[in-house]
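Trainee: May I ask for a close look at the part of this structure where two strands lie side by side, and then for a guided path from there to other parts of the chain?

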Amino acid sequence: MNYKQNLTAYVRAILSGLKDYGVSEVVISPGSRSTPLAYGVVSDQDFSASIQVDERSAAFYALGLAKASGKPVALICTSGSAAANYFPAIVEAYYARIPLIVLTADRPHELREVGAPQTIDQVKMYGTHVKWAIDYPVVDSFEGTTPFVYSQTTRAVLESCTNPRGPVHLNIPFREPLLLDFEMEIPAKREKMLDSTQSVLSEQMRSQLTTIVEQAKSGIVIVGELALSKVSMVEDYLADLGWPVLCDPLSNLRSSKHPKLKSLIIENYDALLKNDMSYERLSPDVVIRIGPQPVSKFLGIFLKTSKPTSFIVVDEAARFRDPLGLATETVVGGIEALVGIQTARSSHHKSLAIWQANNVVARELVHAYREDEQDEGAYIATVFDALPEDAVLFASSSMPIRDVDTFHTADSKGISILANRGTNGIDGVVSTALGAQKALEKPLYLLIGDLAFLHDANGLLLSRYQHVEATIIVMNNDGGGIFSYLPQASEPEYFEKLFGTGSGVTFKHLADMYSIPYVLVESKEQLSELVSKSSTGLRILEVTTNRQANTKAHRKLWKRVKESWTPDV
């Protein structure tokens, strides 16, 4: 074979390694050195290709695709700084356990470290933030090269999808010329099985956990972020267990339609636990935590103060996500590993009725707040009230996810909530949300602050290359609203410059630039009407709020919840 044929066979082997193990979505940022990979993808009908010229946005878009679908997604870029722009999303994918297959094209070895343009050191450039990395050989005529790159690509997919799931990096050098031989036959997909085996408890561990659960007098379950595919199984387990369920909004349990679970959901735990007078009556002797620790700071304070006798952490991988240092037993596996230790509901649970009664009161106060106040929280509560059945909402980090935690009261609407909580950053939020929308193929609502929106404004470029159905709700408080709740705010002389960071920016002109329909929302009633009406395509709704008023109103709500505390029922 000539060089062009060898290059084509080499690229086809890499792409076969991807598609044989179920990779179908590929996100491409066009560039010269990655031409063979890009042409290979778009000429193969087994792949669906998305284009985003901004590599930073492209990587977060792929992250959203993988997060929402639960399937690995491939990323392709050219050499040089393009690959560096992937880094923030790769870090998020690593800590959020999202399977990304990162393919960076590179210069051949003889052009490295000699001043060649668009060339940086890409070998293992993502360090410990990928699960595995490899620098591929250049294309040649040696008969072992093509089988090698195929086997290593299949290994990459398996590494990415084995718990804990995460990103992997394939660095692929190409010599010029870079064009494929499109007359060569495209290998057929072989559809190989990829199975991440679930851990099974030993009889000794099952017996030990069963004894702990059976003897518990005031146990609670804490549920952090869950993959959408795991929600129904967790619902069944919790309903049978019958303990109070303190569920992070990303658990997707607050909108559960499970008939036996609704009465156990304690969604207002963050507000209740801002009152340390509640600790004595609510402190658990046993805690089961499924998934990562929730976003609530006050839940962590409560648990550290309570010091439960047993703290069982259920995690799909032995990475010991225990930021509070309280775990006494660790179950390595999914919720499947707990099957068999359910016990009959106890009528002697010491704190269940207290949790339930105070949660109901807190829920009523949140509903009253929605009606009475005009701040950011009241608008977000209005959004939840107006969202249609089975809606998908993506919440930005910083203040939006915390307001979701406060104002998403339990309902039976089947709302799914997603967010980037691997590193809790505000970068790439627009792109991730639009990736999730494509994966789920249903309209999505993005709740985001002005700084996060500015941070990823290039994510709107995606709407120029493909159809997007999303409503972006921008809570514009002109700066970093979350810092108003932190001790930094007590230093007014320097606070606004360093943390308030107001820009005075509004988003109508940005919407106009992309020909996106835009509405400046002037009332909760208007927002409710807009959210409840379905919209085809992409639109931006901007709500202007005041940081100081937001802080004051939130603290008034928490004060009311504290004053409503009832230790006896």
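Mentor: Let us start with β16 and β17, the latter comprising residues 538-544: these strands pair in the parallel sense, and 4 bridges join them. Please keep in mind throughout that this is a predicted model. Within the pair, V519 stands opposite L541, which belongs to β17.

The pair is part of a wider arrangement, an open sheet of 6 strands with parallel pairing. Read across the sheet, the order of the strands is β13-β12-β14-β15-β17-β16. Which strands form the edges of this sheet? They are β13, residues 416-418, and β16, residues 518-521, and each of them pairs on one side only. Neighbouring strands of the sheet are turned against each other by 20° on average, if direction is ignored. A helix also packs on this sheet, namely α15, which covers residues 429-440. Helix α15 touches β12 (392-395), β13, β14 (444-449) and β15 (470-476), and its direction makes an angle of about 170° with that of β14.

We now turn to the packing of helices. Two packed helices are described by the angle between their axes and by the distance between those axes. Take α12 and α20, the latter formed by residues 547-563: their axes come within 10 Å and cross at roughly 150°. How should the relative direction of α12 and α20 be named? An angle over 145 degrees counts as roughly antiparallel, and α12 and α20 are therefore roughly antiparallel to each other. The crossing in which α12 passes α20 is right-handed. On the side of α12 the contact is made by A362, L365, V366 and Y369, and on the side of α20 by A553, H554, L557, R560 and V561.

Helix α20 also packs with α14, residues 399-407, at an angle of about 30°, with the two axes 13 Å apart. Since angles under 35 degrees count as roughly parallel, α14 is roughly parallel to α20. The crossing of α14 and α20 is left-handed. M399, D403, T406 and F407 of α14 meet H554, L557 and W558 of α20 in this contact.

One residue of α12 merits a separate word. R370 lies in this helix, which spans residues 352-372, and R370 is buried, with a relative accessible area of 16%. Which residues does R370 touch, leaving aside its neighbours within four places in sequence? They are A378, A381, T382, D385 and K524. One of these, D385, is 15 residues away from R370 along the chain, and the C-alpha atoms of the two are separated by 9.3 Å.

Another strand, β6, can be examined in a similar manner. β6 is mostly covered, with 6 of its 6 residues buried. In a regular strand the side chains alternate between the two faces of the sheet. On one side of β6 we find V168, L170 and I172, on the other H169, N171 and P173, and all of them are buried. β6 pairs with β4 in the parallel sense over 6 bridges, and here A105 stands opposite I172 of β6. β6 is also joined to β5 by 4 bridges, and these two strands run parallel. W132 has V168 of β6 as its bridge partner, while D135 stands opposite N171 of β6. Together with α6, the strands β5 and β6 make a right-handed β-α-β unit.

The loops around these strands contain several unusual backbone features. Between α6 (145-161) and β6 (168-173) lies a loop that contains P164, and the peptide bond from N163 to P164 is cis, with omega near -5°. In the loop between β6 and α7 (203-215) we find P177; the peptide bond from E176 to P177 is likewise cis, with omega near 0°.

Two further residues stand out by their phi values. E113, in the loop between β4 (100-106) and β5 (132-135), has a positive phi of about 60° although E113 is not a glycine. N252 has a phi near 60°, again a positive value in a residue other than glycine, and is located in the loop between β8 (245-247) and α9 (269-272). Are E113 and N252 buried or exposed? E113 counts as exposed because its relative accessibility is 70%, whereas N252 is buried, with a relative accessible area of 7%.

Notes: Residues numbered from 1 in each chain as written. Predicted model: local features only at pLDDT ≥ 70, side-chain atom pairs only at ≥ 80, totals over all residues. Heavy atoms only, no water. Buried < 20%, exposed > 50% of the residue type's maximum accessible area, 1.4 Å probe, protein only. Contact = heavy atoms within 4.5 Å. Pairing = 2+ DSSP bridges. Right-handed = clockwise from strand over helix to strand, strands pointing away. Axes fitted to C-alpha atoms, helices over the stretch in contact; angles between N-to-C directions. Parallel < 35°, antiparallel > 145°, perpendicular 65-115°, else oblique. Left-handed = near helix turned anticlockwise from the far one by under 90°.
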